[in-house]
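Me: I would like to go through this structure in questions and answers, with the reasoning kept short.

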Amino acid sequence: MDRVSKYLFSNFISSFASLFSTLFMIMSIVFFIQIARITSFIQIDIGELFKLYLFMLPRILIFTTPIAFFVALTMSFFRLSKENESIVIFTFGYSPKKISLFFTIVAFILSFLLLFISLVMMPVAENLKDNFIEYKKTQATLNIKASEFGQKFANWLVFIEKEKNDGSQNTYENVIMYSPEAKGEKERIILAKEGEFKSVNSAFEMSLKDGKIYTIDTKYHITLFDTMTIRTAASNSISDISSIYSYWEEMSKSDKRKKDFTIYVLVSLFPLATILFAISFGIVTYRYEKGFIYFGIFGVLFIYFALIMLLAKQPTIAIPAVFLSFVVLSFIYFNKKIIRKY
């Protein structure tokens, strides 16, 4: 790597680090919100929270790195153009072709790493995350709290007026449970003066005392009880990936898997597909072209990701069509705007 390449690369890295850290933080917050939703039905400690975050880390990298690369490269060249440094570089004989070749190699390496993350690490991470959640469902104590609405026990909505703790077990007073009408099940309401919720042998158990059951059909049916126990087994469908190939082989029968494959591959290839657009938008005559860069960045991002969403369920068409069309268009635009001028 010669001096000019090192200088250009250092300028790019400073912009990339700043933008990537911002996007990474925003995406991390979004995924922490998703983890918070998981804690509504299982209890996890700080170590398990960090473990769940690590399982989601490949997805965060897939969606932040390509965008940060494209925008940072564009803005780093724009800053050089604003300060007339790009003109000085061309004057010393360092051609745009040489610059584009250098950053194309960088983009190729980055896209290769992203493809490895998306096609190899993502299936493993997703499987580990799902298995971890299912395991915690069988081990965790139900996260039921007093005076809170919207809590669930299996198919029952639960409301508790008061909660007592005797040191070893929580006892609840004035328990109200509602089960809506479902296929093969009638609408039911249970009122009990006392209840206990606990996890026993990987199954959740609810013990109620001194209550009534209202069964709502064409008529109301009222049943009185002194004690009643309701048990429900948490899902323990721990899955196993025999190979990465078998995971993606499910595309033949799963539209979701097709969509995931298309999105992950095209997002991973985004740096390589748009590298010439980034250089073309960044190298400008500042006095006359300074406003176009933002329109260009937004336009490329919007069109590329819109095409991914529209064609996501057809990977054999979407991947070559979207990738090659952007490579060809960026090459034509680069030759017309940069090569002919500089």
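Reply: Helices here are DSSP runs of H or I with at least four residues, numbered from the N terminus. The model is a predicted one.

Me: In which helix is Lys337 found?
Reply: The model is predicted. Residues 315–339 form one helix, and Lys337 is found in that run, helix H10.

Me: Is Lys337 buried or exposed?
Reply: A residue counts as buried under 20% relative accessible area. Lys337 has a relative accessible area of 12%, so Lys337 is buried.

Me: Which backbone oxygen does the side chain of Lys337 reach?
Reply: A polar contact needs N or O atoms within 3.5 Å. The side chain of Lys337 comes to 2.8 Å from a backbone oxygen, and the residue that carries this oxygen is Ser280.

Me: How far apart are the end C-alpha atoms of helix H7?
Reply: Helix H7 runs over residues 270–282 and has 13 residues. At 1.5 Å a residue, H7 should span 18 Å. The distance between its end C-alpha atoms agrees with this, at 17 Å.

Me: Where is the kink in H7 centred?
Reply: The bend is taken between axes fitted to the seven residues ending at a residue and the seven starting there. In H7 the kink comes to about 35°, and its centre is Leu276.

Me: How many residues of H7 are buried?
Reply: H7 is largely enclosed by the rest of the structure. This follows because the buried residues of H7 number 13 of the 13.

Me: What percentage of the residues in the protein chain is buried?
Reply: The protein chain has ten helices and six strands. Of its 342 residues, the buried share is 41%.

Me: Among contacts between residues at least 6 apart in sequence, what percentage joins residues at least 24 apart?
Reply: A contact requires heavy atoms within 4.5 Å. For the protein chain, the share joining residues at least 24 apart is 67%.

Me: Which side chain makes a polar contact with the side chain of Tyr178?
Reply: Tyr178 lies in strand E3 (residues 170–179) and is partly exposed at 27% relative accessibility. Beyond its neighbours within four places in sequence, its contacts include Asn155, Trp156, Arg188 and Glu187. The polar contact, at 2.5 Å, is with the side chain of Glu187.

Me: How many aromatic pairs does the count come to?
Reply: Rings pair if their centres lie within 6.5 Å. By this rule the number of aromatic pairs is 24.

Me: Is the pair of Phe20 and Phe24 stacked, edge-to-face or tilted?
Reply: Both residues lie in helix H1 (residues 3–38), four residues apart, about one turn of the helix. Planes under 30 degrees apart would count as stacked and over 60 as edge-to-face. The ring centres of Phe20 and Phe24 are 5.6 Å apart and the planes are at 35°, so the pair is tilted.

Me: What angle do the ring planes of Trp248 and Tyr264 make?
Reply: The centres of these two rings are 6.4 Å apart. Trp248 is in helix H5 (residues 244–249) and Tyr264 in helix H6 (residues 255–268), so the pair links distant parts of the chain, 16 residues apart. Trp248 is buried at 9% relative accessibility, and Tyr264 is buried at 6%. The pair is edge-to-face because the planes are at 80°.

Note on methods:
Residues numbered from 1 in each chain as written. Predicted model: local features only at pLDDT ≥ 70, side-chain atom pairs only at ≥ 80, totals over all residues. Heavy atoms only, no water. Helix = DSSP H or I, 4+ residues; strand = E, 2+ residues; numbered from the N terminus. Expected span 1.5 Å × (residues − 1). Buried < 20%, exposed > 50% of the residue type's maximum accessible area, 1.4 Å probe, protein only. Polar contact = N/O pair within 3.5 Å; in protein donor to acceptor, adjacent residues only side chain to side chain. Phe/Tyr/Trp six-rings, centres within 6.5 Å; stacked < 30°, edge-to-face > 60°.
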